[in-house]
Amino acid sequence: MHADLIGFGAIVLVAGLLARAGRRVGLPSVPFFMLTGILLGPATPGPVLIEHPEDLALLAAIGLVLLLFNLGVEFPVRQVFGSGKRLFIAAGCSIGLNVGAGLALGFTLGWGTPEALVIAGALGISSSAIATKLLIELRRLANAETPIILGIIVIEDLFLAFYLALLSPILAGASSPGEIALHIGMSFGYLLLLVAVAKWGARAIGWLIGSHEDELLAIGMVGLVVLVAGLSAEVGVSDAIGALMIGLVVARTAVRERVERLVLPLRDVFAAVFFVGFGLSIDVGAFGSVAVPVAVAVAVTIVVNISAGLVTGSLFGFNQRGAANVGLTVLGRGEFSLILATLALGAGLDDRIGPFVALYVLVLAVLSPMFAAQSRYLARVIPDQFLRSRWRYVREETMSTACTHLGRIQITETDGDACRECLDAGADWVHLRMCLTCGAVGCCDDSPGRHATAHFDETGHPLIRSLEPREDWQYCYVDGALVREPIGPREPVES
Amino acid sequence: MGQGVHVQELPGIGKRYDIDLGHGGTRVSVVVRRDGTRDLYVFTSRSDEPTAVVELSEEQSRKVGAVLGGTFFA
């Protein structure tokens, strides 16, 4: 026992120190935990701190469970489902392109169908932790595209749950189509059961674990989560889904905020053990044999995400800078890819998947912060046709406002001083507004005619500004928000 | 109150409040993260990049907020 404590303590400490050194230069932490496991594990020459990776198995499993539990607890259900259809279309495109490309690559490698499905997931789902930290560090929280990026990665998390449900029967070794269908049916049935618990049983769960003492709440929480995860694995649904779903249940109880706070440090420690544990199983020598597939996978990921960024950019009317930021912020791969690889290795699939995913995650860990930080160079080379060809874009300006329609401002000054429709009708008006797309002048909503709003209903031109003296505001009908002045110096609109 | 303040949800991070200060694109954005940290973005021109970004802990933002709110300290 004594020796085990020394090895475990040392490897966790080294992982923490290495990750801290990485953070200094802006690199994400998850790959460093994994790297520690690789370097100090039994499969790699050099010092070995943990001789038997299986000693860590229980702790690593708890790390995986808490990671997904936390994801479920923090899942912003209301924000995501309240954010409209366009976000789901954008996320759908992003996921479809990413997973589709991953699947194509997986089949091209020819390691087998289950392997291809795992690779599709590992390539397809970006790391929420890495993208979120990048946005904070690159000071982009005020950018127009940031809420969209965050929405997309949150929907990707949700997709992960369904993907796991789809994948677990295949990993469980079902072979005939009937067997697979049965397993998938069971998985989704179990998901539905947990959704029902979330809807009607949240109170009971809250009562079960909800002590007013933090100590007892933390203990009850860990016990419940690990138990549900274990039971899920027992009925053939993966423990990861069970943990995620019970997280969604707990999120509906009164103790949600306290659980969120209590689980964080636990998750951080045990998840680090999980990542280290994954690293322990990786043999550095195997990197050579997967180098070419990894290089292809990285290139595919970059190309696919830039395309997805362009789709999102044109959906939301971003300029080049916004579209480039969307594509290049979500390049990082981390926790989810490693979870899928772990499940694959646990199911006895082709063992090249381990080093493949490990190297892929490591390469993108270094590349993704660099690409995200330098997105303006990409913005310079995206032609207008790739976004919306009818619009005039200010390519490299950050769109730092909540409104996403500033690209449609074509004209900002007019010498019109009357609402023509009111004049024709012989009516009066209170205030005047001007359409920033075509320059039409109409009366405000306090006037009987409401011609400015009528103009928007007719043409879809989203932005107006006030023509009243001493008023300096603009309003976006689509976003329902006041917006600030147009970004940066604009080219004069002549032609 | 309320006019010129825009609230934006940032899924997974928290909420952003954009406060328009009127002249020449001057505005302040405050991001309240779920862990209590606040990011204060200050824009002093119409240009793209924030003039300053300050990360405040909960304790620090209480201090700044109290002074902004008109609390007097001896």
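The following exchange examines how several descriptions of this predicted model are justified.

Colleague: Why is Gly230(A) called partly exposed?

Modeller: Gly230(A) has 14 other C-beta atoms within 10 Å. A residue is buried at 20 or more such atoms and exposed at 12 or fewer. The count of 14 falls in between, so Gly230(A) is classed as partly exposed.

Colleague: Where does Gly230(A) lie, and what separates its C-alpha atom from that of Ala240(A)?

Modeller: Gly230(A) belongs to helix 11 of chain A, which covers residues 214–234. Its C-alpha atom is 9.3 Å from that of Ala240(A), and the two residues are 10 apart along the chain.

Colleague: Ala240(A) also belongs to a helix contact. How do you know that helix 3 and helix 12 of chain A meet, and how do they cross?

Modeller: The axes of helix 3 (residues 57–74) and helix 12 (residues 239–250) of chain A come within 7 Å and cross at roughly 35 degrees. The crossing is right-handed. Residues making the contact include Leu64(A), Leu68(A) and Phe69(A) of helix 3 of chain A, and Asp239(A), Ala240(A) and Leu244(A) of helix 12 of chain A.

Colleague: What is the character of the residues in this contact?

Modeller: They divide into 13 nonpolar, three polar and one charged. Asp239(A) is in the contact, and Asp counts as charged. Gly72(A) is among the contact residues; Gly counts as polar, therefore Gly72(A) is placed in that class.

Colleague: What makes strand 1 and strand 5 of chain B edge strands?

Modeller: The open sheet of chain B holds five strands in the order 1-2-3-4-5, with antiparallel pairing. Strand 1 (5–10) and strand 5 (52–56) each have a single partner strand, so one side of each is left without a neighbour in the sheet. Neighbouring strands are turned by 15 degrees against each other on average, direction ignored.

Colleague: How do you know that strand 4 and strand 5 of chain B pair?

Modeller: Strand 4 (residues 38–43) and strand 5 of chain B are joined by five bridges. Pairing requires at least two bridges, so the five found here satisfy the criterion. In this antiparallel arrangement, Leu40(B) stands opposite Val54(B) of strand 5.

Colleague: How is chain A divided, and how many of its residues are buried?

Modeller: Domain 1 of chain A takes in 55–270 + 278–381, and domain 2 takes in 408–483. The centres of these domains, taken over C-alpha atoms, are 45 Å apart. Of the 495 residues in chain A, 51% are buried. The secondary structure of chain A comprises 20 helices and five strands.

Methods:
Residues numbered from 1 in each chain as written. Chains lettered and ligands numbered in written order. Predicted model: local features only at pLDDT ≥ 70, side-chain atom pairs only at ≥ 80, totals over all residues. Axes fitted to C-alpha atoms, helices over the stretch in contact; angles between N-to-C directions. Helix = DSSP H or I, 4+ residues; strand = E, 2+ residues; numbered from the N terminus. Left-handed = near helix turned anticlockwise from the far one by under 90°. Contact = placed C-beta atoms within 7 Å. Domains from an automatic or database assignment.
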